[in-house]
Structures are given as structure tokens and as C-alpha cells.
Amino acid sequence: MSSCCDNTHGPGYATPLDAFKSGSRETLLYVVCTRKGIDINTKDYMATVDIDPDSSTHGQVIHRTIVPHVEDELHHTGWNACSSCHGNTAKFRSHMVLPSINTGRIYLMDTKTNPRAPQIDHITGPEGLRSQGLSTPHTAHCLANGKIMISCMG
């Protein structure tokens, strides 16, 4: 079976049907966990869930990457590269992009170095969005040229 990220054909698959027919089973799941409304002083995090049925930790949260700021409200995540880049072997999945709609921060999580325990690689503050007249980043999208587009609600 091929891997979505083996870097021999670029990230992802040529079509959804190709992914279904020849894709390997995922072993990890990254889930955004918001703390909004629970306790104002707690921080959001990205949970890593082991979904490998042959693993001793199957079905368990095996890591939490906690963001350093409160009230971020992490939202729709996206990969730095996806099937839009399929065929471009220079592109590969290595980071999750996590916009925070409440504060305007954007987190870049390194999932390549240690996929079971991702770490924050970079934080972009809200100043960059504000300087462009934007706010409230909502969803990260990878584009065919390898760039990342983040839709904003304001």
C-alpha cells in the first residue's frame, strides 16, 4: 500500500477513489480541543489519538500539545500540503496549521519530527492579520502551488 506522505508522488492522492483503493490506514488522529466556556484560564490543545488497532494504546489520547495562550479557540485545521500538491515531490505533509478565531493567532504544529507528540514550531500573532485589515482566522487550506490560504471571518 502507498502512503499519503511517502514523498514519491507528492502529498495525498490523485483522487479520493485512489486514496480509498490504495491508501494505507491512518494510525494517528489529530483533534483540536477547545476550552472555551470551561475555565477562562485553561488553554486549548491539539490531542494526538492513537487509532492503530494493533497498538497497545489504541483509542487513547497519547499526547496533548497545549498552546501557550488562553482564549484562543482553535478552529478548523489544515495541512501545510495536501492532495492539491499531489504530483509535486518537493511538497510533503509536515505541519498542521491551527487558526484561533478568538485571538487571531495562527499556530504551526510540527507533526513530522515526532508524529506521536507534535510540538509548536511557530506562532504568528494577530498583528499580521490586522495589518492586512483581517481578523478571525477560520480555516486553513493548502493550495496546489504549496502555499497556505487561511479564510477569515473579519
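**Aromatic pairs**

I looked first for pairs of aromatic rings in this predicted model, and the count came to one aromatic pair. The partners are Tyr30 and Trp79, and I noted the pair as edge-to-face because the ring centres are 6.2 Å apart and the planes stand at 75°, where an angle over 60 degrees is what edge-to-face requires. I then looked up where the two rings sit along the chain: Tyr30 belongs to strand E1 (residues 28-33) and Trp79 to strand E4 (residues 78-79), so that the pair links distant parts of the chain, 49 residues apart. For burial I used the limit of under 20% relative accessible area; Tyr30, at 18%, counts as buried, whereas Trp79, at 25%, is partly exposed.

**The nonpolar core**

Which residues make up the largest nonpolar core? I found nine residues in it, namely Leu28, Tyr30, Met46, Val67, Leu74, Met96, Leu98, Tyr107 and Met109, and I noted that Tyr30 of the aromatic pair is one of the members of this core. Two or more residues of the core come from each of E1, strand E5 (95-99) and strand E6 (106-110). I wrote beside this that nonpolar side chains tend to be buried together in soluble globular proteins.

I followed one core member, Tyr107, further, leaving out residues up to four places away in sequence. Tyr107 touches, among others, the core residues Val67, Leu74, Met96 and Leu98, and its list of contacts also includes Pro68, His69, Asp72, Ser100, Ile120 and His122.

**Salt bridges**

I searched next for salt bridges, and the count came to two. In one of them Arg116 is paired with Asp50, with 3.6 Å between the closest N and O atoms. Arg116 lies in the loop between E6 and strand E7 (119-124) and Asp50 in strand E2 (residues 43-50), and this pair links distant parts of the chain, 66 residues apart. Is each partner buried or partly exposed? Arg116 is partly exposed, with a relative accessible area of 39%, while Asp50 counts as buried at 0%.

Asp72 and Arg105 form a salt bridge as well, at 2.8 Å from N to O. I noted that Asp72 is in the loop between strand E3 (61-70) and E4 and that Arg105 is in the loop between E5 and E6, so the bridge ties together parts that are 33 residues apart in sequence. Both partners count as buried, Asp72 at 0% relative accessibility and Arg105 at 17%. Asp72 also appears among the contacts of Tyr107.

**His138**

I then turned to His138, which has its place in strand E8 (residues 137-142) and counts as buried at 19% relative accessibility. Leaving aside neighbours within four places in sequence, I found His138 in contact with His75, His76, Pro99, Ile101, Ile150, Ser151, Cys152 and Met153. For Cys152, which is 14 residues away along the chain, I noted a C-alpha separation of 5.2 Å from His138.

**The whole chain**

Last, I looked up the overall values. The protein chain has two helices and nine strands, which run α-β-β-β-β-β-β-β-α-β-β from the N terminus on. Of its 154 residues, 35% count as buried, and the accessible surface comes to about 8,600 Å², with 53% belonging to carbon and sulfur atoms. Among contacts with a separation of 6 or more, I noted that 46% join residues 24 or more positions apart.

Key:
Residues are numbered from 1 along each chain as its sequence is written. This is a predicted model: local features need pLDDT of at least 70, side-chain atom pairs count only at pLDDT 80 or more; totals for chains, interfaces and linings use all residues. Side-chain values use heavy atoms; hydrogens and water are left out. Rings of Phe, Tyr and Trp (its six-membered ring) pair if their centres lie within 6.5 Å; planes under 30 degrees apart count as stacked, over 60 as edge-to-face and the rest as tilted. Helices (H or I, at least four residues) and strands (E, at least two) are DSSP runs, numbered from the N terminus. Buried means under 20% relative accessible area, exposed over 50%, partly exposed in between (1.4 Å probe, protein chains only). A nonpolar core is a set of buried Ala, Val, Leu, Ile, Met, Phe, Trp, Tyr and Cys residues joined through side-chain atoms within 4.5 Å. Contact means heavy atoms within 4.5 Å. A salt bridge is a side-chain nitrogen of Lys or Arg within 4 Å of a carboxyl oxygen of Asp or Glu. Accessible areas come from the Shrake-Rupley method with a 1.4 Å probe; for residues, only the protein chains shown count as cover.
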